[in-house]
Structure formats: structure tokens, C-alpha cells
Amino acid sequence: MTTTIIIGGGVIGLSTAYHLARKRAGRIILFNKGPIGDGSSSRAAGIITGLLWTEVGVQVRKLSVQRFHELSEELEGYKFQNVGCLNLFDPPSWPERQALLPLYDRLGVKYEILDADEMRRRWPQLNPREDWIGLYDAQGGYSEPDEYIPALTRACRALGVDIRENEQVADLVLRGGRAIGVRTASGVIEADAVLSTIYSWSNRFFERLGIPLPVKAFVHQRYVTKPLAVPPQFPAVNANPLGGYIRPASGGAMLLGVETADREEFRVPSLDFQMSTLRAPAGLREKAVADFSEYAPMLVDAAWHDERVGLLTFSMDGEPIMGAVGQIPGFYTALAFHSGGFAYNPAAGYLLAEIIADGKASIDVSSFSPDRFDPADVVAYLATTVPQSAAVRRRH
Ligand SMILES: Cc1cc2nc3c(=O)[nH]c(=O)nc-3n(C[C@H](O)[C@H](O)[C@H](O)COP(=O)(O)OP(=O)(O)OC[C@H]3O[C@@H](n4cnc5c(N)ncnc54)[C@H](O)[C@@H]3O)c2cc1C
């Protein structure tokens with residue numbers, strides 16, 4: 001029987017474990033250095049849209065959206081909130097997106113273009129500026145990480161995945177240049193395949209292997225109100241002109257996420273780094289509420305209940321990194337899902353399970369290959385320090 005080891009128990013690692021287990025692909029062991037979900041996954045806003053910006057991204061997201069709908073039936077205690085996803089643009093930012101509409105048409109991804117009057121008619125709680133354009137994805141919506149992650153974890157365990165929490169992988173174990181397992185505090189555990197899904201910790205892990213990755217991490221935060229007097233009745237909104245996003249949240253509350261474009265990249269200091277040590281800048285929530293007050297007036301008097309701060313990781317070209325690591329046979333990785341790793345996870349897990357178990361994915365994701373970067377470009381990129389606004393930034 002083959003053994004696959006997955007390092008990392010965020011949504012990408014869990015989803016791969018789940019899809020491998022459904023394929024009955026042998027023994028699956030998943031290590032997470034803390035409790036399951038203690039990385040970015042439990043901090044995500046969980047907003048999901050299929051309207052991305054590259055051919056492969058759109059194809060993979062189409063599969064993700066389909067799987068989210070199916071997972072609502074497969075996972076006990078989880079429901080995909082199919083409220084739709086509205087992507088807002090102002091006149092300067094719209095042409096870049098408008099140019100992608102033929103791609104959506106060709107790949108059969110549905111959308112509607114809405115003017116401000118139509119958006120106000122559909123969602124009277126929201127007040128877009130007169131010249132804003134809405135690109136509406138009726139198939140999108142959101143998932144509550146606090147529901148989804150436990151439901152996926154339970155489903156993995158029920159399918160026999162051996163989930164080992166609070167066990168950090170210190171190293172990949174190689175024999176003759178091939179990955180043959182991992183080393184943890186309890187010793188060497190052998191495997192036929194090893195997948196690393198440790199997201200913002202990846203640079204520290206890969207540099208030990210002599211394979212630098214062109215990936216940068218940025219602090220990102222989102223807040224949840226207490227239940228509002230009138231529950232939100234609108235889609236998840238990527239409010240690009242406002243530098244943030246909103247969505248309804250469980251129990252009649254509302255979530256607000258905000259970018260800090262000027263904040264410099266965050267260098268994860270070591271494999272021992274704890275994401276819980278990150279902090280949002282003082283006064284940021286108040287500023288975001290002021291910025292959103294005209295568009296979403298119900299935020300102005302809202303009382304607040306929750307703040308979560310985590311990391312987003314971006315690759316040098318802005319696209320995810322996913323697949324076999326060419327230099328080390330038997331070793332695979334998946335990371336750098338920008339601000340959209342939650343939305344990517346069902347398809348990423350599905351396709352990674354195919355790559356590991358069958359040697360080939362049903363969607364050609366070679367443009368996401370970890371091997372696609374020129375080593376000299378990687379070194380130059382890592383030598384720079386950039387603010388978030390200079391990373392390839394697109395939302396969800
Ligand atoms: C505030 C915020 C809002 C976001 N909103 C959205 C959104 O609306 N939509 C969306 O699609 N995405 C969103 N994202 C992005 C999304 O959260 C990430 O892209 C996604 O969660 C990445 O999942 P992952 O499994 O790759 O990483 P993680 O969830 O970070 O998981 C990595 C895991 O690896 C473990 N680990 C690390 N090192 C080791 C080791 N050596 N041994 C064992 N385990 C190890 C960690 O403990 C961690 O659990 C948001 C992120 C943040 C921070």
C-alpha cells in the first residue's frame with residue numbers, strides 16, 4: 001500500500017487528504033504543527049468567486065465552485081453560502097477586467113454586469129457610487145471557515161486519514177535525491193510521496209532544501225460585527241475601489257476585510273513562527289468603517305465581535321504554485337494562492353490528489369508548476385523588499 005504524507009493542516013492540505021482518501025489512494029498521514037487550521041485558513045473571510053484572470057485560474061476555480069456546491073452535500077455540518085459574489089470596479093479599473101469577459105464566455109463561466117441603479121435595486125442596503133460597475137457571479141458566495149474546516153477534518157478522519165496535530169515536520173528525508181519521508185520529533189516517517197502545504201512557512205522549509213521560492217507574505221486582517229439589527233441581505237462584495245470586502249456572516253452579523261497596501265512584506269522568521277503573534281495596525285478598523293460608510297452605512301453603528309489577522313502569500317507572477325517539485329522526485333507542493341486559497345481549496349485538493357495518485361491532473365495546471373521560475377529571477381526577487389501594493393494583487 002502506498003503512503004502519502006501531507007505537511008500542513010490548512011484547507012489545502014485537508015482538501016488534498018480528503019480527495020486522496022476518496023480515491024482510496026493508500027495510507028494518508030497529515031501533520032500540522034499546531035491544532036488543525038491554525039494558519040491562514042481559520043482567519044480567511046472564505047469569499048469564493050469563479051471570475052479570475054487567467055485561463056487556468058478560471059478553469060480551476062470553475063471546478064472549485066462546483067465542488068463547493070457538492071461539498072455542501074458531502075460534508076456534515078457545512079453549507080456553502082451561495083449568496084453570489086459581486087466584484088466592484090470604478091471606471092479606471094474596469095477596462096482590465098472587461099477585457100476578460102470573452103475568456104469567461106469561452107469557458108462557460110456565467111456573470112452579469114450591473115450598473116449602480118441595478119445594484120441598488122437588488123441590494124437596497126448597499127449604496128454604490130454612480131459610476132461603479134458590478135461584475136456579479138451568481139455561483140459564488142462564501143464559506144464560514146469555522147464550519148468548513150471542522151467538517152472537512154471530520155470527513156478526513158472518517159475516511160481513515162491519520163491526522164497528527166501538534167507535530168511539526170522538521171525536515172524532508174531524502175535518499176538518492178528522492179523524497180522518502182519526513183522527520184518530526186518522533187522520528188522518521190517514511191512515505192512514497194510527500195506534499196508540502198505549509199503556505200507562509202514554505203520559504204523557511206524550502207531554503208533548507210536549497211530551493212528558494214519566489215514568494216512573499218503580507219499581513220492581512222478581517223473583522224466581524226455583532227449581529228446587526230437588520231441582518232445583511234447582499235452578496236459577498238469585493239469592493240476593489242475601497243481596498244476591501246464585505247459579506248454577511250453567521251447569525252446576522254457582517255464581515256469586513258481590509259488591505260494595508262503600504263505595509264511592507266512580512267518575513268516569516270522560522271518554522272516555529274506562530275500566526276497568532278500577528279497584529280493589525282491600530283485604528284485600521286475605524287478607518288475602514290469610515291471608508292465603507294457611504295457604501296455600507298450599516299457598518300457605522302455596528303458593535304464588533306471578532307478580529308482575525310493572518311498572512312497572504314503571493315508568488316512572483318501572482319499565480320499559485322502547485323505540483324511536483326522537479327528537483328526532488330516524490331516531493332510535491334502547493335502554496336501562494338494569493339488572497340484566494342480558501343476559494344481554490346476544493347479544486348486544488350482534487351487536482352493534487354490526481355497528480356499524486358495518477359501522475360496527471362484532469363486540468364492542465366503546468367502553468368502553476370513550482371519549476372516555472374528562472375533561478376536568477378528568484379534570487380533577484382527575494383533580494384527586494386516590497387509593500388503589498390507592489391505585489392501582484394487581485395482579490396479572491
Ligand atoms: C484575513 C484573511 C482573509 C482571507 N480571506 C480569503 C477569502 O475571502 N477567500 C479566499 O479564498 N482566501 C482568503 N484568504 C487566503 C486564505 O486564507 C489562504 O490562501 C488559505 O487559507 C491558504 O491555505 P493553506 O492550507 O495553504 O495554508 P494555511 O492555512 O496557512 O495552512 C498551513 C498549515 O501548515 C502548518 N505548518 C506550517 N509549518 C509546518 C511544519 N513544519 N510542520 C507541520 N505543519 C506545519 C501550519 O500550522 C498551518 O496550519 C484570506 C487570508 C487572510 C489572512
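Let's start with the ligand: of the 44 residues around it, Gly-8, Gly-10, Gly-39, Gly-310 and Gly-341 come nearest. Please keep in mind that what we have here is a predicted model. Which elements give two or more residues to the shell around the ligand? They are α1, residues 11–22, together with β13, β17 and α9. The largest share comes from β17, with 4 residues. As for chemistry, the shell divides into 18 nonpolar, 21 polar and 5 charged residues.

Now, β17 takes us to the sheet. This is an open sheet of 8 strands, and if you trace across the picture with me, the order reads β5-β6-β4-β14-β15-β16-β13-β17, with mixed pairing. Which strands sit at the edges? Those are β5, residues 112–114, and β17, residues 304–315, and each of them pairs on one side only. On average, neighbouring strands are turned by 20° against each other, if we ignore direction.

Let's look at the β5 end. β5 runs antiparallel to β6, residues 133–137, and 3 bridges join the two. You can find Ile-113 standing opposite Leu-135 in β6.

Next, move along to β14, residues 236–239. Are its residues buried or exposed? Both faces are covered: Ala-236 and Asn-238 are buried on one side, and Val-237 and Ala-239 are buried on the other. β14 also shows you the mixed pairing nicely. With β4, residues 85–89, β14 runs parallel, joined by 4 bridges, and Leu-88 stands opposite Ala-239. With β15, the pairing is antiparallel, over 3 bridges, and here Val-237 faces Ile-246 as its opposite number. The hairpin of β14 and β15 has 4 residues between the strands, and in this hairpin Gly-243 takes a positive phi near 65°.

What lies across the sheet strands β13, β15, β16 and β17? That is helix α8, residues 284–292, which runs at about 105° to β16.

Last stop, and back to α9, which we met around the ligand. Helix α2, residues 55–74, and helix α9, residues 341–358, have axes that come within 7 Å and cross at roughly 100°. An angle from 65 to 115 degrees counts as roughly perpendicular, so that is what we call α2 relative to α9. Among the residues that meet there are Val-60, Leu-63 and Phe-68 in α2, and Ala-343, Tyr-350 and Leu-351 in α9. The residues of this contact divide into 10 nonpolar, 1 polar and 2 charged.

Thanks for listening, everyone!

How values were computed. Residues numbered from 1 in each chain as written. Predicted model: local features only at pLDDT ≥ 70, side-chain atom pairs only at ≥ 80, totals over all residues. Axes fitted to C-alpha atoms, helices over the stretch in contact; angles between N-to-C directions. Parallel < 35°, antiparallel > 145°, perpendicular 65-115°, else oblique. Contact = placed C-beta atoms within 7 Å. Nonpolar A, V, L, I, M, F, W, Y, C, P; charged D, E, K, R; others polar. Pairing = 2+ DSSP bridges. Near = placed C-beta within 6 Å. Buried ≥ 20, exposed ≤ 12 C-beta atoms within 10 Å, placed from the backbone.
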